[in-house]
Each structure stands twice: as C-alpha cells, then as structure tokens.
Amino acid sequence: MSKSVCQSWFSTQRIRDDLYLITEPHYYWYNRANLWLIKGQTQDLLVDTGLGVASLRQYIASLLDKPLLAIASHIHFDHSGGMHEFDRRAIHAAEAEALRQGDDYEALCTPEQGWVQDDHFEVLPHAGFTVEQYTLQATEPTHTLQEGDVLDLGDRGLEVLHLPGHSPGCIALYDPKSRELFSGDVIYDGELLDELHCSHIPTYLATYDRLQKLPVEAVYPGHYPILGRERYHQIIGEYLERRRQPGCPGEGGVGSRESGQ
C-alpha cells in the first residue's frame, strides 16, 4: 500500500521563551533527532538540522527575527541532513570535509550501511520521496568549529566542547553560567553507539572522563528526553564501568591505538 504525504513533517515544542525543540515525528523514533533552536539577543543558534527531507528553514521562519547560525553537532545524516538550507553553517573542523563533499559513508546513509530504510518513514515527507534517492547534500561550511570557541548570542555565550568518540567531530555546546549542555550524540538516555566505523571507544571513555568533571544541571541531548544532573552522572558512570570491564575495547585505556580525531 502506498504511503500518504504528510501535511507537516516537523513539530515544535516550546521549552521556554529562548528555547524550542523541533522534531520529525513521522520518522523512526530510534533515529529521530532533537533539533534545538536557541534564541539569543543578537543571533540565534540551531543545533542540528535533521534529515533534510523537508524544508526546516521554511518551517522555522516564523520563529526567526535575527541572524541564525545552523550547527551540526556531527556529520551523521539525522543531524546534518538539512545544513545545506541555511546561509550560515558550522561544523567541527574534523568533519567539515565530509559536509563539503556530501560524504554519505561518513554520514551513515549509504544503502549498504542500512541506516535509512523505507519502513522508517511513516508517511512521505513530500510527493515522490524514496529512500533510494536519499543522500547527504554537499554544502560548504561557512564556519568551522574548534574546541574552546565561544558562540556569542549577546546575552549568553556557549562554549564549543570537542567531544569525540561517537564520531571524530562530535561537539557539544556548554553554557557555564546556566550549566546547560547541548550534547548532540555524545550523551543521551538511550543506547550509546560507540561501535560505528567512525567511533572509538577509548576516545569515548576519555570524553566521558572529561564530562564527569563538568558542572552540568541540564542536558539537551540529540535524542530522547532532557536530562537532569543525576541521570547525567548515572549514564556516565554506567558507561565508564561497563566499558572498562576486563576484555572490553576500552580496557587498554586511551592511547591503545590512534585516536579517530
């Protein structure tokens, strides 16, 4: 039976006046990313852009009243698929070339990798859509991010934390005043993917050692619900314990092989 075409691909939840959560509710829950629109005094930030199968730029236009910087927390297709739509685009330097080239392999969206499947789409995002035609659209980053960069929104500053492990260019944005962390896929309350071709478990362990020392009150993750401090530390502690069990890939510690960075 053929699928219908959806009326609206996205949905929005207002978290507070300066923060909106946008999702793609007709897409498979397991891969469905959280897209965070952070409203600032002088510019807005969009953390992740979803699959790119419908126009996110048009969808959020009514929420924008100042310059917008779209940021990919990392290159995977569920986070960077819509980057090409935006005039100002940022990604960590380690994955800038993959975005520039539209690298489907690094984005995890080649047919052989099997991450983009027809039954993951409850309805069609637009007439004529097929997963066989899905690809990461190449686009030139206008900004490359590095550890320690500060994104100034006028009334707050968000620090770029380079946190590899899931992939080499994973970043999070951290507000040291509010102690809020926009974490991408570095930490969330679900199955952590650390055995992808681009992942590196010893590096992930080092990232979690770092996060364990970071004062955090709230986490706005790339998937699944918002986390508080207690659950944040619980996830970190459980991962470190599990991956440092004898015989696990992280047993040899950081530096057991070259980092994927």
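Which residues lie nearest the centre of the largest pocket? In this predicted model, they are Gly52, Gln133, Tyr134, Thr135 and Gln137, which belong to a lining of 13 residues. The volume of the largest pocket is about 200 Å³. As for the character of its lining, nine residues are polar and four are nonpolar, while charged residues are absent.

I turn now from the pocket to the enclosed spaces. Three cavities of 30 Å³ or more are present in the structure. The largest cavity has a volume of about 140 Å³. Its lining is made up of 15 residues, and those nearest the centre are Asn31, Asp78, Asp185, Leu193 and His223. How does that lining divide into nonpolar, polar and charged residues? Eight are nonpolar, four are polar and three are charged. Set beside this, the lining of the largest pocket has no charged residues. As general background, empty space is revealed by rolling over the atoms a probe the size of a water molecule.

Next, the cysteines. How many disulfides does a search of the whole structure find? The search returns zero. Let me recall that a disulfide joins the sulfur atoms of two cysteines covalently. For Cys170, the closest cysteine sulfur is that of Cys198, and because the separation is 7.8 Å, the two are too far apart for a bond. The cut-off for a disulfide here is 2.5 Å between the sulfur atoms. Cys198 likewise takes part in no disulfide, its nearest cysteine sulfur being that of Cys170. Is Cys170 buried or exposed? Cys170 is buried, at 0% relative accessibility. Cys198 is also classed as buried, with a relative accessible area of 9%.

I would like to continue with three individual residues, beginning with Thr49. This residue sits in the loop that runs between strand 4 (44-47) and helix 1. Thr49 counts as buried because its relative accessibility is 1%, the threshold being under 20%. Its side chain reaches the backbone nitrogen of Gly82 at 3.1 Å. Gly82 also appears among the residues that Thr49 touches beyond four places in sequence, together with Leu35, Leu56, Ala70, His79, Ser80, Gly81, Met83 and Phe86.

The second residue is Lys66. Where is Lys66 placed? Lys66 lies in the loop between helix 1 (56-59) and strand 5 (68-71). With a relative accessible area of 21%, Lys66 is partly exposed. Its side chain reaches the backbone oxygen of Gly40 at 3.1 Å. Apart from neighbours within four places in sequence, Lys66 is in contact with Lys39, Gly40, Gln41, Thr42, Gln43 and Asp44. Asp44 is 22 residues away along the chain, and its C-alpha atom is 6.6 Å from that of Lys66.

The third residue is Tyr208, in helix 4, which spans residues 201-212. Tyr208 is buried, its relative accessible area being 0%. Which residues does Tyr208 touch, not counting those up to four places away in sequence? They are Val186, Ile187, Leu192, Ile235, Ile236, Tyr239 and Leu240. Ser178, by comparison, is 30 residues from Tyr208 in sequence, and their C-alpha atoms are 20 Å apart.

To close, I return to the two spaces with which I began: the largest pocket, at about 200 Å³, and the largest cavity, at about 140 Å³.

Note on methods
Residues are numbered from 1 along each chain as its sequence is written. This is a predicted model: local features need pLDDT of at least 70, side-chain atom pairs count only at pLDDT 80 or more; totals for chains, interfaces and linings use all residues. Side-chain values use heavy atoms; hydrogens and water are left out. On a 1 Å grid over the protein atoms alone, a cavity is a set of points where a 1.4 Å probe fits but cannot get out, and a pocket is an open set with protein on both sides within 12 Å along at least five of seven lines; lining residues have an atom within 4 Å of a point. Grid points are joined across faces, edges and corners, and a volume is the space filled by probe spheres set on the points. Ala, Val, Leu, Ile, Met, Phe, Trp, Tyr, Cys and Pro count as nonpolar, Asp, Glu, Lys and Arg as charged, and the others, Gly among them, as polar. Helices (H or I, at least four residues) and strands (E, at least two) are DSSP runs, numbered from the N terminus. Buried means under 20% relative accessible area, exposed over 50%, partly exposed in between (1.4 Å probe, protein chains only). Contact means heavy atoms within 4.5 Å. A polar contact is a pair of N or O atoms within 3.5 Å; within protein, one must be able to donate a hydrogen and the other to accept it, and residues adjacent in sequence count only if both atoms are side-chain atoms.
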